[in-house]
Amino acid sequence: MGSCGLASGAAGVLEAARAALVRLGIDGTVQPVGCVGACAWEVIMEVTRPGGEAVTYTDVVAEKVPSILEAYLIHRRVPEPQARDNGV
């Protein structure tokens, strides 16, 4: 994890993802990665299900991780894209 991700709460998101997989009974892998160059969007989380496409979530906080994983991995729902202010 890059310093911007860590400063934005990536360690908590990582632990929340691991705990949520256990709670949901999903045999999955949580893989931390380094900087992806999108500091303003941190914490970034990509979720992939077997045979499905990857979905990338931005501005993730630990409290939202269980509902994100349950929605996509169990119910196969992807939320509508959210508009974001990039400060541009």
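**Exercise 1.** Determine whether C35 is buried or exposed, and why its sulfur forms no bond with that of C4.

*Solution.* C35 is exposed, with a relative accessible area of 53%; exposed denotes over 50%, buried under 20%, and partly exposed in between (1.4 Å probe, protein chains only). The closest cysteine sulfur to that of C35 belongs to C4 and lies 4.7 Å away, too far for a bond.

The model is predicted: local features need pLDDT of at least 70, side-chain atom pairs count only at pLDDT 80 or more, and totals for chains, interfaces and linings use all residues. Residues are numbered from 1 along each chain as its sequence is written, and side-chain values use heavy atoms, with hydrogens and water left out.

**Exercise 2.** State how many disulfides a search of the whole structure finds, and examine C4.

*Solution.* A disulfide requires two cysteine sulfur atoms within 2.5 Å. The search of the whole structure returns 0 disulfides. For C4, the nearest cysteine sulfur is that of C39, at 3.3 Å. C4 is buried, its relative accessible area being 17%.

**Exercise 3.** Describe the largest nonpolar core and the contacts of V65.

*Solution.* A nonpolar core joins buried Ala, Val, Leu, Ile, Met, Phe, Trp, Tyr and Cys residues through side-chain atoms within 4.5 Å. The largest has 18 residues, and M45, V47, Y57, V60, V65 and L69 have the most contacts inside it. Helices (H or I, at least four residues) and strands (E, at least two) are DSSP runs, numbered from the N terminus. At least two core residues come from each of α2, β1, β2 (54-57) and α3; α2 gives the most, 7 residues. Not counting residues up to four places away in sequence, V65 touches V13, A16, A17, M45 and V60 (contact: heavy atoms within 4.5 Å).
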